[in-house]
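I open this notebook page to record which helix and strand pairings I looked up.

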Amino acid sequence: MARYRYVDMSPRLLPVDLNAQLVPGTFAHALHHLIDELDLSSFDAHYCNDETGATAHSPGMLLRAVLLGYSQGLVSSRAIERACRDNVLFVAITGDAKPHFTTIAAFVSRSRDAIGSVFAQVLTILDNEGLIGREMFAIDGVKLPSNASKHRSGTRADFLARAEKLERAVKAMLDRHRANDDNPSPEDPAGKAAKRIERMKREAAQIRAWLQANPKDRKDPTGGLRKSNLTDNESAKLATEKGVIQGYSGIAVVDAAHQVIVEAQAHGTGSEQELLLPVLEACTEQRHKHTLITADAGYHSEANLAALAERGIDALIADPEMRRRDERYAGQEKHRTQPDPLHDKSRSRGATAKVFGASDFTVAEDRSYALCPAGQRLYRNGKDCVVGRYRAIKFRAPASACSACTLRANCLRKPDTTLTRQFAVLIKQEQATYADRMRQRIDSDVGRALYGRRLGIVEPVFGNVRYNKRMARFTLRGRTKVDGQWKLFALVHNIEKLAKRRKAA
């Protein structure tokens, strides 16, 4: 009978060479040596133990642990702590320091400005390695959930009504309990009603405290009302392909040469138009005068194009109708199966009943009024507005003309709730706008070829961060902290580029 050696699984102490675990050419090896090249003095401001107090974990060690964790999809501080205890690679890169998860979490949440300094230093090293070309920058963003509930969003009026409703419910429950004091019943032996009352009182008090700390509603750049959030008031409701989320937009400016992220910012807004100029201002030192900026239709607006022209920034920004004009995208409509979650509020996906269009109305020669199919007058409403390349004149009917009209069902999509009919007449602008000039440039053969490169530059970056690094959501609250976390993921992406370059060398 064959004999075999006994496999001994008893505990034992094994010698481990920590430096040998950091294999040249790997991300961990590049990260370990890169941190030694950086000036980390910006982290020192937090510590006050120069002469007294216990020694602290070094920022370099914590930065190594966090970046290595993020590179492997470990976003939770508890997961990084476990890895620093159990994973030999983390043990090697931290020198077996075993930082507590609270230390890791506090380091990430408070270090946004210092992380920004590290990000800039790494860009300088990448530039010296020849990884930044500055021929073209592509701008895009990804919308990710935050550590906040979208169900706790609303205006100050909504929150006040919620608090008053809770207080009324608490009062009614207390009154009912007082009325039953003389006739106690064993229906609530565990005191569940009392716990529920305490929970409702606590929630109402939290809402009142929030209202006192936030005396005004949030406004967007145009002065419109923007919903607030009780748990993270700097986050926003964002429309995605899978519905509406409460979160932040992570914006990245990517260089075309080697897909290095030259600027990364997180913003609590779904309006990409208002983010274009701040992002470009932030990467002024990285771009040259002749660097071409490319961005999709979300960043397109007449005001943005005018501002870019005034600053002398060369840009190709698509308009919403670009693909419809491009024969290469013919038939793309058949792939649009999901409606826009922000604007399509209908429960039915059936066809909408056809109503009278603008062509069914007769506009007077002086454009002072218009006649509807029923012969009623509609008068000009407000000032002219601009829609794309057109100037629009709006007309609205008085309530007396529509209230008893027999053609309401043919004129109004919602005759039961809409009071009057209005429509607009579009008049082509005589003077070419910045949007017209951009449209002509991007429709040219050269413009299409240049803009066509954008997709292959920026989208793989988000694929790497979201799929490979498993960045599914922001785990912090507040724009400052979320912005720091987004920069950390951008750092991981850039350090990977550096590791591959040094391995190839």
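What is the handedness of the crossing of α4 and α6? I found this crossing to be right-handed (the near helix is turned clockwise from the far one by less than a right angle; anticlockwise would be left-handed).

I noted that the model is predicted, with local features needing pLDDT of at least 70, side-chain atom pairs counting only at pLDDT 80 or more, and totals for chains, interfaces and linings using all residues. Residues are numbered from 1 along each chain as its sequence is written, and side-chain values use heavy atoms, with hydrogens and water left out.

Entry on α4 and α6. I read an angle of about 125° between helix α4 (residues 77–86) and helix α6 (residues 101–110), with axes 8 Å apart. The two are therefore oblique to each other (neither under 35 degrees, over 145, nor 65 to 115). I listed Ser77, Arg78, Ile80 and Glu81 of α4 and Phe101, Ile104 and Ala105 of α6 as making the contact (heavy atoms within 4.5 Å).

Entry on α2 and α18. Helix α2 (residues 27–37) packs against helix α18 (residues 479–504) at about 105°, with axes 9 Å apart. They are therefore roughly perpendicular to each other. Among the α2 residues in this contact I noted Phe27 and Leu34, and among those of α18, Val492 and Arg502.

Entry on β6. I found that four of the five residues of strand β6 (residues 236–240) are buried, so the strand is largely enclosed by the rest of the structure (buried means under 20% relative accessible area, with a 1.4 Å probe and protein chains only). β6 pairs with strand β7 (residues 243–255) in the antiparallel sense over five bridges (pairing requires at least two bridges found by DSSP). I recorded Gly247 in β7 as the bridge partner of Ala236. The two strands form a hairpin with two residues between them.

Technical notes: Axes are lines fitted to C-alpha atoms, for helices over the stretch in contact, and angles run from 0 to 180 degrees between N-to-C directions. Buried means under 20% relative accessible area, exposed over 50%, partly exposed in between (1.4 Å probe, protein chains only).
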